[in-house]
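Welcome! Please take a moment with the sequence and the 3D view below, and then we can walk through them together.

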Amino acid sequence: LGLDYHPSELTRLTGDVQRFRFDDGNRRDSLALNFDQRLLTRPHFLLNGLASIGTSRGTRDDVPYFNPSRDRSWEIGLRADHLAWRRYDRHFRHRLTASAGQYWQEGFGSAWVPSLRYEHEWRFGLGKVLVYGVNWSRPVYDGQRERHLGFDAEFRWGE
C-alpha cells in the first residue's frame with residue numbers, strides 16, 4: 001500500500017506499507033516515509049533536499065538470507081539536477097545525489113551509512129527516455145560493513 005502526495009511541484013511526500021510472504025513461511029513487514037523538497041530552482045539547475053525514515057521486521061531468524069528480526073533507518077541528503085542541453089522535446093540532464101544516515105539492526109547496534117549516485121538522463125523525443133547511472137554505498141549487515149558499487153540502466157517509452 002503506498003501514498004504519493006504532491007501539494008505542489010516543489011514538494012513530494014511518499015509512504016509505503018509492505019508485507020512480503022516468502023515460500024519458507026517468513027513474513028517481512030515494513031513501513032517507509034520519504035520527503036523530497038525543492039530548495040533551489042534555476043532555469044537549468046534544481047537542488048532538492050531529501051529525507052527518509054523506515055522500519056521493518058521479520059518473523060523468522062533461521063533463514064539463509066539477510067532477514068533481521070527488527071531494523072530501522074533514517075537518511076538525509078541532497079540531489080543536484082543540471083539540464084545541460086535541451087532542444088524541443090529532447091534533452092540531456094545529469095544528477096548527483098549524496099546522502100548519509102543511520103541504520104540500526106536489533107542485536108548489532110547502529111552505524112552510519114553514506115551513499116552517492118550519479119546518473120544521466122537522455123530524452124530522445126516524446127515518451128523515449130534512457131536513464132543510466134552508477135551508485136556507491138557502505139551499508140552494514142549483521143554488524144559487518146560492506147562496499148556496494150552498482151550500475152543500472154532503464155529505457156522508458158510512452159507518455
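Let's start with one pair of residues: Ser-137 stands opposite His-148 in S11. Strands such as this one (E, at least two residues) are DSSP runs numbered from the N terminus, as are helices (H or I, at least four residues). Two strands pair if DSSP finds at least two bridges between them. This is a predicted model, in which local features need pLDDT of at least 70 and side-chain atom pairs count only at pLDDT 80 or more, while totals for chains, interfaces and linings use all residues. Residues are numbered from 1 along each chain as its sequence is written, and side-chain values use heavy atoms, with hydrogens and water left out.

**The chain as a whole**

- The chain has 11 strands and zero helices, so its pattern along the sequence reads β-β-β-β-β-β-β-β-β-β-β, with both kinds of element taken from DSSP.
- Along the principal axes, the C-alpha atoms fill a box of roughly 55 × 30 × 30 Å.
- Of the 159 residues, 29% count as buried, where buried means under 20% relative accessible area, exposed over 50%, and partly exposed in between (1.4 Å probe, protein chains only).
- The exposed area of the chain is about 10800 Å², and carbon and sulfur atoms supply 57% of it; such areas come from the Shrake-Rupley method with a 1.4 Å probe, and for residues only the protein chains shown count as cover.
- Among contacts (heavy atoms within 4.5 Å) between residues at least 6 apart in sequence, 42% join residues at least 24 apart.
- There are 24 positive and 21 negative side chains, and the centres of the two sets lie 5 Å apart. Lys and Arg count as positive and Asp and Glu as negative, with His and the chain ends not counted; each charge is placed at NZ of Lys, CZ of Arg, CG of Asp or CD of Glu.

**The sheet**

- Nine strands form an open sheet in the order S1-S2-S3-S4-S5-S6-S7-S8-S11, with antiparallel pairing.
- Strand S1 (2-8) and S11 stand at the edges with a single partner strand each, so one side of each has no neighbour in the sheet.
- On average, neighbouring strands of this sheet are turned by 15° against each other, direction ignored. The axes behind such angles are lines fitted to C-alpha atoms, for helices over the stretch in contact, and angles run from 0 to 180 degrees between N-to-C directions.
- As general background, strands of a sheet pair through backbone hydrogen bonds, either parallel or antiparallel.

**From S4 to S6**

- Strand S4 (residues 45-58) pairs with S5 in the antiparallel sense over 13 bridges, and Gly-54 has Ser-73 in S5 opposite to it.
- Strand S5 (residues 70-87) in turn pairs with strand S6 (residues 90-105) over 16 bridges, again in the antiparallel sense.
- Gly-77 has Ser-99 in S6 as its bridge partner, while Trp-74 is matched with Gln-102 in S6.
- The hairpin of S5 and S6 has two residues between the strands, and Tyr-88 in the turn has a positive phi of about 55°.

**From S6 to S11**

- S6 and S7 are antiparallel and share 15 bridges; here Arg-95 is partnered by Glu-119 in S7.
- Three residues lie between S6 and S7 in their hairpin, where Gly-107 takes a positive phi near 90°.
- Strand S7 (residues 109-125) runs antiparallel to strand S8 (residues 128-137), and 10 bridges join them.
- Their hairpin has two residues between the strands, with Gly-127 in the turn at a positive phi of about 80°.
- S8 is also joined to strand S11 (residues 148-157) by 10 bridges, running antiparallel.
- Tyr-132 is a good residue to find in the view: in S8 it is the bridge partner of His-120, and its own partner in S11 is Ala-153.

**A look at Arg-156**

- Arg-156 sits in strand S11 and counts as partly exposed because its relative accessibility is 38%.
- Leaving aside residues up to four places away in sequence, Arg-156 touches Glu-121, Gly-127, Lys-128, Val-129 and Val-131.
- Arg-156 and Tyr-132 are 24 residues apart in sequence, and their C-alpha atoms are 11 Å apart in space.
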